[in-house]
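Reader: I have a model open here and would like to go through it with you. Shall we start with the cysteines and then move on?

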Amino acid sequence: MNIIVADSCALILLAKSGLLKALTEFRRVIVPAAVFEEVVNQDTIEKFPDAKSISVMTSQGKIEMVSKELPDRKPPITLGKGEWAAIRLAQEMGEGAVLATDDGKAIKTCRFLNLPFIISPKIATELYRHGCIEVFLAKAAIEKIRIEGRYAPDIIAEALLRLKEIGNVKTGNREDT
């Protein structure tokens, strides 16, 4: 996972949860122009602080926007324009690119296409595992993801359990969790 290609839902959720800055410092984050246009426009910048922060991070070069035209292919299921553009860009980027998505249909499409993907709760645990954020920030981010996202309680519980397991490894505490 050297390159993260983010779709709209992941980009927004990562910004809302406070993980986006740490992710951009850890990995190269790329968004297709279609995603950027969905997330950052005059209306969203005025209404949502996360849209403003995404705009600023893009203008600073922390998030790379790609305007590349991709061959027009029909998605295997109905997807939003941004989600499909992100999937296609991740495919074009090839090995080492992972799609960040929290969209159920995009996840199903990734599975169908055998395209690597990562969800926001997993990004929180990976950032903690790699020492990019502290455990309290990871827990707070997962809690925000629980509130803002549409995740089943078992996925959130699994992410919190994973944080505990990683913490045990980091501290040498090998007790059962």
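Reader: So, how many disulfides does the structure hold?

Author: This is a predicted model, and the structure holds zero disulfides.

Reader: Why is there no bond for Cys 9?

Author: The closest cysteine sulfur to that of Cys 9 belongs to Cys 110, and at 10 Å it is too far for a bond, because a disulfide needs the two sulfur atoms within 2.5 Å.

Reader: And is Cys 110 buried or exposed?

Author: Cys 110 counts as buried, with 1% relative accessibility, whereas Cys 9, at 22%, counts as partly exposed.

Reader: Changing topic, how much space lies in the largest pocket?

Author: The largest pocket holds about 620 Å³ of space. Its lining is made up of 23 residues, and those closest to the centre are Leu 13, Asp 102, Asp 103, Ile 119 and Tyr 151.

Reader: Which helices supply at least two residues of that lining?

Author: Helix 1 (8-16), helix 7 (104-113), helix 8 (120-129) and helix 10 (153-171) each do so. By class, the lining has ten nonpolar, ten charged and three polar residues.

Reader: What about salt bridges, how many does a search of the whole structure find?

Author: The search finds eight. One of them pairs Glu 64 with Arg 28, whose closest N and O atoms are 2.9 Å apart. That pair links distant parts of the chain, since Glu 64 sits in strand 3 and Arg 28 in strand 2, 36 residues apart.

Reader: Where do Lys 144 and Glu 148 lie?

Author: Both lie in helix 9 (residues 135-148), four residues apart, about one turn of the helix, and their side chains meet in a salt bridge of 3.6 Å, N to O.

Definitions and conventions. Residues numbered from 1 in each chain as written. Predicted model: local features only at pLDDT ≥ 70, side-chain atom pairs only at ≥ 80, totals over all residues. Heavy atoms only, no water. Buried < 20%, exposed > 50% of the residue type's maximum accessible area, 1.4 Å probe, protein only. 1 Å grid on protein atoms, 1.4 Å probe; cavity = no way out; pocket = protein on both sides within 12 Å on 5 of 7 lines; lining within 4 Å. Points joined across faces, edges and corners; volume = space filled by probe spheres on them. Nonpolar A, V, L, I, M, F, W, Y, C, P; charged D, E, K, R; others polar. Salt bridge = Lys/Arg side-chain N within 4 Å of Asp/Glu carboxyl O.
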